[in-house]
Every structure is written in C-alpha cells, then in structure tokens.
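Got a new structure open and not sure where to start? Let's read it together, one feature at a time.

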Amino acid sequence: MQGSKYNFVPKLLFKLGLSVNHQIEIHSPKHKFIESFKQNVDIADYNQNLSFSRIKGNKEYIGKINRNGFEIMRRNKFFDRNRFHAKAKAEFKEIEGKLSAVINISSIFGVFLIYLSIITILLISAGIYLIFQYTSFTIALGTLLIVLNIQTYMFLRRNVQVLKFDLDKFIYYLSKQV
C-alpha cells in the first residue's frame, strides 16, 4: 500500500511526455567525473523558488552531486521566458566496470503543480458554467483556458526534450574533459 495511492501521477507524466527516463554511458572514472561535474556546475540548492542561486553565477547549470548520483537544471536568467526549466535527477550505476547514469528528466515539480491545478479547476468550472449558461463570455473563457493548457503542455514537453539533448552533450563533454 506504500505509495500506491499516488502511483498514477508518474505514469501519466511518462505517457504525456512530461517525464522521461534516459540512460547515458559515462566514459570516465566516477571520481574524475564527479570532480569535473563540480568544476562545471554551480553547486547550489535550486529547490527554493526565491533563491538567488538560481540566477547569479556564470555557469550554465546548477545542481548538486554525491557519490550516488546528481540533480541538475539549467540556470534561470533575468527576463528569461523559459521560467520553468526541466530538472534531471540521476543515479550512478556501474555495469561490467563501465559507469552509466540513469536519468529521470521531469518538467512538473513544485509550484508548477499548483498552477496546473488552478488552470484545470478554472477549465472545469468554465465548462460547467457553459452547460448551464450559454454566453459568449463563457465560450471565450473556455477557449482561452484550453489554449493556455495546450501551450503549457507543449512548452513543458519541449523543455524535457531539450534538457535530454543538452544533458547528452554536457555529460559527453564532461567525460571527455577528464
């Protein structure tokens, strides 16, 4: 029964393309990769929404690493239109002497769940209101909310695909840099 109550959420995110599992082979020893990671990524706690560590600094990524895995996301910039970046959590595995990282990339986290909940509630309430009161305002509101949901979905899905591609390049660069 542990966790079975909310098991549908990750499955739904995978089916919608808002979360992806990905495995990357790392062509360097673990300790050298971790050292290279620390040199090229600002080690910061990005879980705080109002943290300046997400904005300040000159490195492209922020995150944290330990001997079991890492967490990483792209740094926010001032006036950045892509306010909600996807986050990646990785776990190291050694298979037959080769180091690989099993990475989960997800674009749904934290405050964004509240935003999606509010938009969904507004969409449902506009639909119910449209059934009982057929006015041009409810049609416009319903259409606007549907368009907002579709745009948000496409934006989040694209963020996952972009981070997957960028992480492939970045990890390849880190493993060859050693």
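Here is a short dialogue between a learner and a teacher about this predicted model.

Q: How many helices and strands does the protein come to?
A: You'll find 4 helices and 6 strands. Going along the sequence, the pattern reads α-β-α-β-β-β-β-β-α-α.

Q: Next, the sheet. What order do the strands take in it?
A: The general idea is that strands of a sheet pair through backbone hydrogen bonds, either parallel or antiparallel. Here, an open sheet of 6 strands runs in the order E1-E6-E5-E4-E3-E2, and the pairing is mixed. Strands E1 (19–26) and E2 (42–43) are at the edges with a single partner strand each, so one side of each has no neighbour in the sheet.

Q: In which sense do E2 and E3 pair?
A: Those two go parallel, over 2 bridges. Want a residue to look for? Aspartate 42 has isoleucine 62 in E3 as its bridge partner.

Q: Which helix packs on the sheet?
A: That's helix H4, residues 136–177. H4 touches E1, E3, E4 (69–74), E5 (87–95) and E6 (98–106), and its direction makes about 15° with that of E1.

Q: How do I describe two helices packed on each other?
A: Two packed helices are described by the angle between their axes and the distance between the axes. Try it with H2 and H4: their angle is about 115° and their axes are 9 Å apart. The crossing of this pair is right-handed.

Q: Which residues of H2 and H4 meet there?
A: From H2 come Phe33, Ser36, Phe37 and Asn40, and they meet Phe170, Ile171, Tyr173, Leu174 and Gln177 of H4. Sort the residues of this contact by type and you get 6 nonpolar, 3 polar and no charged.

Q: I see phenylalanines in that list. How many aromatic pairs does the count come to?
A: The count comes to 6 aromatic pairs. Take phenylalanine 33 and phenylalanine 37: their ring centres are 6.3 Å apart and their planes sit at 45°, so this pair is tilted. The two are 4 residues apart in helix H2 (residues 30–40), which means about one helical turn separates them. Phenylalanine 33 is buried, with a relative accessible area of 0%, and phenylalanine 37 is buried too, at 1%.

Q: What about tyrosine 61 and phenylalanine 170: how far apart are their ring centres?
A: Their centres are 4.7 Å apart with the planes at 45°, so this pair is tilted. Tyrosine 61 belongs to strand E3 and phenylalanine 170 to helix H4, so the pair ties together parts that are 109 residues apart in sequence. Tyrosine 61 counts as buried at 2% relative accessibility, and phenylalanine 170 is buried at 12%.

Q: Which residues form one aromatic cluster?
A: Look for Phe33, Phe37, Phe70 and Phe92.

Q: Now leucine 16. Where does this residue lie, and what does it touch?
A: Leucine 16 lies in helix H1 (residues 8–16). Leaving out residues up to four places away in sequence, leucine 16 touches Tyr153 and Arg157. Leucine 16 and arginine 157 are 141 residues apart in sequence, and their C-alpha atoms are 8.0 Å apart in space. At 34% relative accessibility, leucine 16 counts as partly exposed.

Q: Stepping back, what share of the residues counts as buried?
A: Of the 178 residues, 35% count as buried. As for contacts with a separation of 6 or more, 54% are between residues 24 or more positions apart.

Notes. Residues numbered from 1 in each chain as written. Predicted model: local features only at pLDDT ≥ 70, side-chain atom pairs only at ≥ 80, totals over all residues. Heavy atoms only, no water. Pairing = 2+ DSSP bridges. Contact = heavy atoms within 4.5 Å. Axes fitted to C-alpha atoms, helices over the stretch in contact; angles between N-to-C directions. Phe/Tyr/Trp six-rings, centres within 6.5 Å; stacked < 30°, edge-to-face > 60°. Buried < 20%, exposed > 50% of the residue type's maximum accessible area, 1.4 Å probe, protein only. Left-handed = near helix turned anticlockwise from the far one by under 90°. Nonpolar A, V, L, I, M, F, W, Y, C, P; charged D, E, K, R; others polar.
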